[in-house]
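Hello,

Here is the structure I promised to pass on to you. Have a look at it first, and then read on for what I found in it.

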Amino acid sequence: DLGCSVGRLSHELARRARVVVGADSSETQIRVAKAIQRHRCVSFRAGEATVSGKYVGDAEIVVDVSSVVRNNVVFLVADEQCLPFRLFDGIVCSAVIERVPNLEAFLRTLRHRIHDGGLLLLSSPFDQDERFVDRSNWLGYGAYGTELGTAEESLRRLAQRLGFRPIGGIGSVVEGGPSPHNDAYRRDPRGGTYNDRRKHLVWRG
């Protein structure tokens, strides 16, 4: 689970996998993920934050997540360049690719980290933002030598060019997927495209 944040998806994957590696480049996210796994609970406060950072309002709320948390998950601080194993049976990236500056280089690295026949699942709302990715590398805008069109179609073409094979209709163009050239995207002055619907695409390595 590459870009695992605090590990919610990692624990779901661990229900069917022997071992799951939850990796994120954020030390803070991994620290929280390990704390949740260790204490089997999530705590938070509902209220308003003051300038000093203290909360005013409700008391701390603690939620028992022991029924969700799994022991066969290993969390670590890492990105695609420094994963602990050379090859994986599958790699999942949820809401990650829209923040990768060079998606072609990223996918090429993942292609060499998956066993032959292994799976790559990419889930993304395609909310591309110039704060993270230069506009010249936005999917759907001709990035990486792909044609203008939907972000999903651009991703499909790029992944296939790098050696990934689409599985059925899932790894192909997703019907009804929004295009950065129509009103399915919302825009704001910061130079980004925002879309609420996350698309799931699966390939075999």
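N102 caps the N-terminal end of helix α3, with a side-chain oxygen 3.3 Å from the backbone nitrogen of E104. Please keep in mind that this is a predicted model, so I come back to its confidence values further down.

Helix α3 is a good place to start. Of its 9 residues, 7 are buried, so α3 is largely enclosed by the rest of the structure. The buried ones are L103, E104, F106, L107, T109, L110 and R111. They pack against β5, β6 and α4.

Those partners lead to the sheet. It is an open sheet of 4 strands in the order β5-β6-β10-β7, with mixed pairing. Its edge strands, each pairing on one side only, are β5 (88-94) and β7 (165-166). Strand β7 pairs with β10 (residues 199-204) in the antiparallel sense, over 2 bridges, and P166 stands opposite W203 of β10. Two helices pack on this sheet. Helix α3 (residues 103-111) touches β5 and β6 (114-124), and its direction makes about 145 degrees with that of β6. Helix α4 (residues 151-161) touches β6, β7 and β10, and its direction makes about 15 degrees with that of β10.

Now for the nonpolar residues. In soluble globular proteins, nonpolar side chains tend to be buried together. Here the largest nonpolar core has 31 residues, and L103, F106, L107, L120 and L155 have the most contacts inside it. The elements giving two or more residues to this core are β1 (20-24), β5, α3, β6, α4 and β10. As for L155, its contacts beyond four places in sequence are I97, L103, L107, L122, F126, L139, L201 and W203. Another core lies apart from the largest one; it has 7 residues, among them A14, V20, V73 and F75.

Two loop residues also caught my eye.

- T146 is in the loop between β6 and α4. It counts as buried, because its relative accessibility is 8% and the cut-off is under 20%. Its side chain reaches the backbone oxygen of A143 at 2.7 Å. Leaving out residues up to four places away in sequence, T146 touches S154, R157, L158 and R161. T146 and R157 are 11 residues apart along the chain, and their C-alpha atoms are separated by 6.9 Å.

- F164 is in the loop between α4 and β7. With 2% relative accessibility, F164 counts as buried too. Residues up to four places away aside, F164 touches L107, L110, R111, I114, L120, A159, W203, R204 and G205. The C-alpha atoms of F164 and G117 are separated by 9.5 Å, with their positions 47 residues apart along the chain counted as the distance apart.

How far can you trust the coordinates? The protein chain averages a pLDDT of 83, and 80% of the residues score at least 70. Among its elements, helix α2 (residues 27-39) has the highest mean pLDDT, 97, and strand β8 (residues 186-188) has the lowest, 44. Over residues 170-196 the pLDDT is below 50, although this stretch has 82 contacts in the model beyond near neighbours in sequence. Where pLDDT is low, the predicted coordinates should not be read in detail.

Enjoy exploring it, and write back whenever you like.

Best wishes

Terms used. Residues numbered from 1 in each chain as written. Heavy atoms only, no water. Pairing = 2+ DSSP bridges. Contact = heavy atoms within 4.5 Å. Axes fitted to C-alpha atoms, helices over the stretch in contact; angles between N-to-C directions. Core = buried A, V, L, I, M, F, W, Y, C linked by side-chain atoms within 4.5 Å. Buried < 20%, exposed > 50% of the residue type's maximum accessible area, 1.4 Å probe, protein only. Polar contact = N/O pair within 3.5 Å; in protein donor to acceptor, adjacent residues only side chain to side chain. pLDDT = per-residue confidence, 0-100.
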